[in-house]
Amino acid sequence: MTLLVKICGLTTPEALDAAIAAGADMAGLVVFPPSPRHLDPADGRALAARAKGRLQTVALTVDADDALLDEIVAALDPDMLQLHGKETPERVAAVKARFGRPVVKALAIAEAADLARVPAYAAVADRVLFDARPPKGATRPGGLGQAFDWTLLAGLDAGLPYMLSGGLGPDNVAEALRITRAPAVDVSSGVERAPGDKDPQKIVDFVRAARAAAAAAPAQPDRAALPLP
Ligand SMILES: O=C(O)c1ccccc1N[C@@H]1O[C@H](COP(=O)(O)O)[C@@H](O)[C@H]1O
């Protein structure tokens with residue numbers, strides 16, 4: 001099975017093109033003003049259109065209300081919605097029903113007990129994404145370059161495809177995959193020169209390292225779960 005690779009927080013045509021050329025499967029566009037990767041939906045329209053049909057686009061939001069999601073879907077027409085806040089399973093189901101698009105629900109992980117929430121989300125989401133729990137006082141719930149204990153995921157059957165994120169980069173993605181056999185990985189800070197400024201070479205290095213690691217230790221099945229271009 002082929003590993004899915006998502007590059008998140010793309011804000012420029014150069015970064016998007018680098019992700020596509022590197023062979024990424026998904027491009028994340030962040031709509032969350034406190035983030036250094038924030039894209040106003042209207043400003044992101046051209047970038048999303050540029051990505052269309054070349055890789056999957058994922059619009060990332062944090063506890064967005066219906067009005068904002070309406071605006072995002074109208075402007076970006078994303079292939080998927082990533083909910084990265086404190087959205088409940090009921091809210092995930094409501095978003096999926098309203099927009100009829102696959103929903104990725106991010107879950108913050110710091111200890112084994114945090115995985116107890118997975119079944120409730122597995123019943124309603126198309127995918128869960130495991131990210132590190134942010135430190136108290138953080139201005140955003142992700143995109144912090146912070147990893148968690150990957151051994152918590154070793155042998156995990158989440159009941160649906162999952163994505164590993166949090167502090168990944170070209171130098172540690174192989175180790176993360178060796179431990180977890182995750183079917184998909186997601187990176188933002190680890191392929192940047194500075195917060196919000198993607199480095200094309202790091203994107204290439206990340207995709208290459210992830211694919212090599214997945215070839216050496218096959219990932220859990222995933223690709224069948226969502227249609228890809
Ligand atoms: O990228 C952001 O700024 C962001 C803001 C709010 C919520 C999530 C965000 N990013 C996501 O966080 C994880 C981990 O990112 P990193 O690789 O550790 O920087 C990833 O899913 C990003 O898409």
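In this predicted model, an oxygen atom of the ligand is placed 2.7 Å from a polar backbone atom of glycine 143. Taken by itself, the ligand exposes 510 Å², and 100% of that area is buried by the protein. Two elements each give two or more residues to the shell around the ligand, namely strand S6 (127-132) and strand S8 (184-187).

Side chains also take part in the polar surroundings of the ligand. An N or O atom in the side chain of serine 35 is 2.6 Å from an oxygen atom of the ligand, while a polar side-chain atom of aspartate 131 lies 3.3 Å from a ligand oxygen atom. The shell as a whole comprises 25 residues, and the closest of these are Cys8, Ser35, Gly143, Asp186 and Ser189. Sorted by class, the shell residues divide into 8 nonpolar, 12 polar and 5 charged.

The space that the ligand takes is the largest cavity, one of 2 cavities of 30 Å³ or more that the structure holds. This largest cavity has a volume of about 280 Å³ and a lining of 27 residues, with His84, Asp131, Gly142, Gly143 and Ser188 lying nearest its centre. Both Asp131 and Gly143 therefore appear in two roles, for they are listed among the residues nearest the centre of the largest cavity, and under the 3.5 Å limit for a polar contact each has an atom paired with a ligand oxygen, at 3.3 Å for aspartate 131 and at 2.7 Å for glycine 143.

The second largest cavity has a volume of about 30 Å³, and its lining is made up of Asp131, Ala132, Pro141, Gly142, Gly143, Leu144 and Gln146. Asp131, Gly142 and Gly143, which belong to this lining, are also among the residues nearest the centre of the largest cavity.

The largest pocket holds about 370 Å³ of space. It is lined by 21 residues, and those nearest its centre are His84, Gly85, Lys86, Ala108 and Pro141. Strand S5 (103-109) and S6 each supply at least two residues of this lining, with S5 giving the most, at 4 residues. His84 is named among the residues nearest the centre of the largest pocket and likewise among those nearest the centre of the largest cavity, whereas Pro141, nearest the pocket centre along with others, is also part of the lining of the second largest cavity.

The class make-up of the three linings is set out below.

| Lining | Nonpolar | Polar | Charged |
|---|---|---|---|
| Largest pocket | 10 residues | 3 residues | 8 residues |
| Largest cavity | 9 residues | 13 residues | 5 residues |
| Second largest cavity | 3 residues | 3 residues | 1 residue |

Notes: Residues numbered from 1 in each chain as written. Predicted model: local features only at pLDDT ≥ 70, side-chain atom pairs only at ≥ 80, totals over all residues. Heavy atoms only, no water. Near = heavy atom within 4 Å. Polar contact = N/O pair within 3.5 Å; in protein donor to acceptor, adjacent residues only side chain to side chain. Areas by Shrake-Rupley, 256 points an atom, 1.4 Å probe, with all protein chains shown as cover. 1 Å grid on protein atoms, 1.4 Å probe; cavity = no way out; pocket = protein on both sides within 12 Å on 5 of 7 lines; lining within 4 Å. Sits in = over half its atoms within 2 Å of the grid points. Nonpolar A, V, L, I, M, F, W, Y, C, P; charged D, E, K, R; others polar. Points joined across faces, edges and corners; volume = space filled by probe spheres on them.
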